[in-house]
Amino acid sequence: MKIAVVGTGYVGLVTGTCFAETGNTVTCIDIDASKVESLSKGKMTIYEPGLDVLFERNRKENRLLFTTNLAEGIKDAEVIFLALPTPPGEDGSADLKYILGVANELGKILDHYAVIIDKSTVPVGTSEKVHAAVAANAKVDFDVVSNPEFLREGVAVDDFMKPDRVVIGTNSERAKVIMEKLYAPLVRQGNPVIFMDERSAEMTKYAANAFLAMKITFMNEIANLCEKAGADVDNVRRGIGTDSRIGKRFLFPGIGYGGSCFPKDVQALGKTATEYGYDFKILKSVMLVNDKQKTKLIPRVKEYFGGELKGKTIALWGLAFKPHTDDIREAPALYNIKALRRAGAKVVVFDPEATANVRKEIGKKVKYAKSPYEAVEGADALMIMTEWPEFRTPDFEKLSAALNNKVIFDGRNLYDLTEMRTLGYDYYSIGREDIVVSK
Ligand SMILES: NC(=O)c1ccc[n+]([C@@H]2O[C@H](COP(=O)([O-])OP(=O)(O)OC[C@H]3O[C@@H](n4cnc5c(N)ncnc54)[C@H](O)[C@@H]3O)[C@@H](O)[C@H]2O)c1
Ligand SMILES: O=c1ccn([C@@H]2O[C@H](COP(=O)(O)OP(=O)(O)O[C@H]3O[C@H](CO)[C@@H](O)[C@H](O)[C@H]3O)[C@@H](O)[C@H]2O)c(=O)[nH]1
């Protein structure tokens, strides 16, 4: 099948590469000329484990092509994916200007029947808007299908190739047949495809993200209560996660959810509710709790140093919003850097993959270390923001030798409490007992 993917970011590049891997010829289109140039030369533009191997193989086989030219990219394409940004607009609702802009262009240049597939996360009713925007200029038949994407960054290739489910929203029989053909390789491997109407498919994506954000937030609130009540949230997590109705996943408390999806999608669903005159109370609480949770450790750091952070140097491990990605969109680390600097502290940071992106965003406001141990050299405390595997079993002796004080503020609950006590660390984590050995 000949496929076009408009928008070659995290979702577009994964979608394009994975469909090339199942034997299709894919042209990825992007307005960012430097991105297209890099990709055409075989240089990846994002860090996503496992994607580079598939990218290289399919590029060499000429099944994966890149262009900035929309008309060239969609030539003879049976399906055209829209994997464009849907960032929050001024009022928090999803901004559809990228999607509708491209839809408008497509209407002018489409010269054959194609299925236009919305892979971006878009509010209920968007497929109708896309249809209208294309139809305004279209001279040929076309269908618009909603096919939301559920991949997670860091494990995107696996999520795409072995999805829990594929959701396809369409009322067109003609489009359904093409979608069945497109996803046949995944279905043959036992991954279910669920067909429904467009509006339900659009709502499914927001419901999934909002539910997961709520699940994490619920655990964060339980953790906050555990701290007050003298319970241990890790025990509680294990205790409830074994109930198959609850499930083990997405129960990890911490310094809140971040990333390019949960924060914006929870907000956008809230806006959709308001538009329809519905007061979606849980969503409001989820957003409020998560906002507070992100900088939850800051007051404890201040308190540890007698209320004063001026002249203190704080080392931060982890900048990406989660491990195995270089994505820093809505990363809790950025909020903590801001809060620490506002309180007068100097900040030294280390991240295995996300440093370049942070440098682009905040430049010289922090010092960048080349290794976790360089970051803590002469620092007054260590804060952990992201659970990269390499932070899980550090050389604690090396760490103690480098730090001015043996104190760790851990936003991801990486270490065992007994071990920290034995090692002689002051250790503050989320929803668990504070270990204080120095006082
Ligand atoms: N990142 C994720 O993990 C993820 C997962 C599922 C769904 N989504 C959704 O998918 C959509 C895309 O997200 P993303 O993370 O891939 O975004 P992204 O910002 O990484 O990529 C979007 C790409 O679109 C390009 N673009 C913008 N305008 C264009 C135009 N007119 N023509 C061609 N290209 C254009 C940009 O240059 C960019 O490369 C969003 O709606 C997002 O909510 C994201
Ligand atoms: O138990 C958990 C699990 C996750 N998180 C945090 O939640 C955020 C999101 O994590 P994750 O869902 O793994 O990453 P994303 O790549 O943002 O993926 C989410 O957002 C995508 C974009 O819509 C969807 O496609 C995915 O299904 C959905 O999981 C991160 O800040 C994590 O640190 C926790 O705090 N505790």
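This report walks through the domains, the ligand shell and one sheet of a predicted model.

## Domains

Let's start with the overall layout. The domain assignment splits the protein chain into domain 1 (2-196), domain 2 (205-293) and domain 3 (295-428). The centres of domain 1 and domain 2, taken over C-alpha atoms, are 29 Å apart. Where these two touch, domain 1 contributes eleven residues and domain 2 contributes nine residues. On the domain 1 side of this contact, seven residues are nonpolar, three are polar and one is charged.

## Around ligand 1

If you look at ligand 1, you will find 26 residues surrounding it, and the closest are Gly7, Gly9, Val11, Ser120 and Thr121. Helix H1 (10-21) and helix H5 (97-109) each give at least two residues to this shell. By class, the shell holds twelve nonpolar, nine polar and five charged residues.

## The annotated C-terminal region

An unreviewed UniProt entry annotates residues 315-417 as "domain: UDP-glucose/GDP-mannose dehydrogenase C-terminal". This span is 31% helix and 17% strand, and its end C-alpha atoms lie 21 Å apart.

## A six-stranded sheet

Now for the sheet: six strands, in the order E11-E10-E9-E12-E13-E14, make an open sheet with parallel pairing. Strand E11 (367-368) and strand E14 (426-428) are the edge strands, each pairing on one side only.

Strand E9 (residues 313-317) runs parallel to strand E12 (residues 381-384), and four bridges join them. Leu316 has Met383 as its bridge partner in E12. Helix H14 (residues 332-342) packs on the sheet, where it touches E9, strand E10 (346-350) and E12. The direction of H14 makes about 180 degrees with that of E9.

Methods
Residues numbered from 1 in each chain as written. Chains lettered and ligands numbered in written order. Predicted model: local features only at pLDDT ≥ 70, side-chain atom pairs only at ≥ 80, totals over all residues. UniProt positions renumbered as here; feature names shortened; annotations may be inferred. Domains from an automatic or database assignment. Contact = placed C-beta atoms within 7 Å. Nonpolar A, V, L, I, M, F, W, Y, C, P; charged D, E, K, R; others polar. Near = placed C-beta within 6 Å. Pairing = 2+ DSSP bridges. Axes fitted to C-alpha atoms, helices over the stretch in contact; angles between N-to-C directions.
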